[in-house]
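Work through the exercises below with the sequence and the model open. Each task is followed by a solution in steps.

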Amino acid sequence: MTLGLGVVLHAFTHAYGTLLVPLYLLIQKDLNLPGTSGASLIVTIYGLVYCIGSFPAGVFADGRNRKALLGIGLIGNAAAIMLMGFTRQYEMILGLAVVAGIFGTLFHPAANALMPEHYPKSPGMTIGLLGIGSGVGFFVGPQYAGWRAQSGHWQLWHVADWQRPCVEMGLGGIVFGLLFLLIAREVRDRVSVRVSQPSGQWSLLRPRVLAIAATLAFRDFAGVATLTLSSVYLQKAHHYTVEQTGFVVGTMMLLSSIANPFAVYFTPGRRRLPALAVVLVMGGAILMLVPFVKVRFALLVLAAFQTCQMASYAISDSGMLERVAPSVRGRVVGLFLSVAGTFASLSPWAMGAWTDLLKERALEPLAYVPLFVTLGVMMIVAASSAPLIARLGRGTPGISAMSEVMPGTMEMLG
């Protein structure tokens, strides 16, 4: 039950991170901003705070009630998103993005530590199942935003079209956060670890995690950047409506909801890290094709890229967490996100600024070739992370990172 609730909570978290992506041009017009970069800066600030705070959140999660952190984090995140729907002051919206990021940062360190500890025999597969939520969230966020911004009709307190999905999704997250606090469970008889570092393991792991984060940061940047770039590309170069853009940006993430568990299931043991390198290189090569294909095939190409992209998250997260003890998993996830995620969080603003520089050329599909190629190359560079993950070694007693069983039954998961 806790894992299932965690999947839904994961979906809410990533839905909030992508909710505004198809709405950039509406926000720019409504708030009289000078360019797309002003609208994308809202998502950038949310992501920066979300990731910068991940390591302190990880230290916090390793010694405290992680179920409570997850529920409180969602409620605070959702409340800030909902309040964005009731203000037209740009500075206030940026401030609420900071608040949303502070609460959102609690999710990954707490969830990636709590869920595998419920299933100690198969921590990698647990991460794969939890990853279903990311695909669902990335799908629902843009889809719902585009649909409700264009098709919704209620006008309470003069809410603008782009604000309507913020209010509705925010309210839904608050309700679910309360249910999570009531139903989810911490691990029974859990010993509090606090900030102590068992057997000096953390001091040994820290430089290795930093090295992994420095390489996978290129993948994370490319993945987050593609959401913003695709939105601007479709609306400016191909004149897509907000609803059409939301459909494409959301749908291209749909396959990733099943890619995560399958990617982990079919890459046990020694297959894990070679598979990571393969999907990263494939994803980069596919992404470079986007501006060259006809727009009616753009969704297929983007969906193929995101399937590789999200599968790589499940594989790399599983590979790392299989190699470290449960007592430091929160810190490992937190430090990784603080480095890789912070760099990636700059990408919405970077893509908005880059496309603003195109000016009139932004109406030409081939003007986007340098952007998509740059992001594709970054994916390929990230493949160098595989041998660095291998160096983490075996961290969890009784579990070999190189020989995790393929869990065919729920009994094996238990």
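## Exercise 1: a salt bridge between buried side chains

E186 is buried, because its relative accessible area is 17%, below the 20% cut-off. The model used throughout is a predicted one.

Task: Find which side chain meets E186 in a salt bridge, and state where the two residues lie.

Solution.
- Step 1. The partner is R66, with an N to O distance of 2.8 Å.
- Step 2. E186 sits in the loop between helix 10 (164-183) and helix 11, while R66 belongs to helix 5 (residues 66-84); the pair links distant parts of the chain, 120 residues apart.
- Step 3. R66 has a relative accessibility of 0%, so R66 also counts as buried.
- Step 4. The pair is part of a network of salt bridges that links R66, E117 and E186.

## Exercise 2: two further pairs

Task: The structure holds nine salt bridges. For the pairs E168 with R148 and K236 with D356, give the distance, the helices and the accessibility of one partner.

Solution.
- Step 1. The side chains of E168 and R148 meet at 2.8 Å, N to O. E168 is in helix 10 and R148 in helix 9, and the pair links distant parts of the chain, 20 residues apart.
- Step 2. R148 counts as buried because its relative accessibility is 14%.
- Step 3. K236 and D356 form a salt bridge at 4.0 Å, N to O. K236 lies in helix 11 and D356 in helix 17 (residues 347-358), so this salt bridge ties together parts 120 residues apart in sequence.
- Step 4. With a relative accessible area of 23%, D356 is partly exposed.

## Exercise 3: the largest cavity

Task: How much space lies in the largest cavity, and which residues lie nearest its centre?

Solution.
- Step 1. Count the cavities: the structure holds four of 30 Å³ or more.
- Step 2. The largest cavity has about 780 Å³ of space.
- Step 3. Its lining consists of 41 residues, and H14, H108, F138, V224 and Y313 are those nearest the centre.
- Step 4. Sort the lining by class: 21 residues are nonpolar, 17 polar and three charged.
- Step 5. Assign the lining to helices. Those that each supply at least two residues include helix 1 (2-18), helix 3 (36-52), helix 7 (107-118) and helix 8 (123-130). Helix 9 (132-151), helix 11 (201-237), helix 15 (298-321) and helix 16 (329-345) also each supply at least two.

Methods: Residues numbered from 1 in each chain as written. Predicted model: local features only at pLDDT ≥ 70, side-chain atom pairs only at ≥ 80, totals over all residues. Heavy atoms only, no water. 1 Å grid on protein atoms, 1.4 Å probe; cavity = no way out; pocket = protein on both sides within 12 Å on 5 of 7 lines; lining within 4 Å. Points joined across faces, edges and corners; volume = space filled by probe spheres on them. Helix = DSSP H or I, 4+ residues; strand = E, 2+ residues; numbered from the N terminus. Nonpolar A, V, L, I, M, F, W, Y, C, P; charged D, E, K, R; others polar. Buried < 20%, exposed > 50% of the residue type's maximum accessible area, 1.4 Å probe, protein only.
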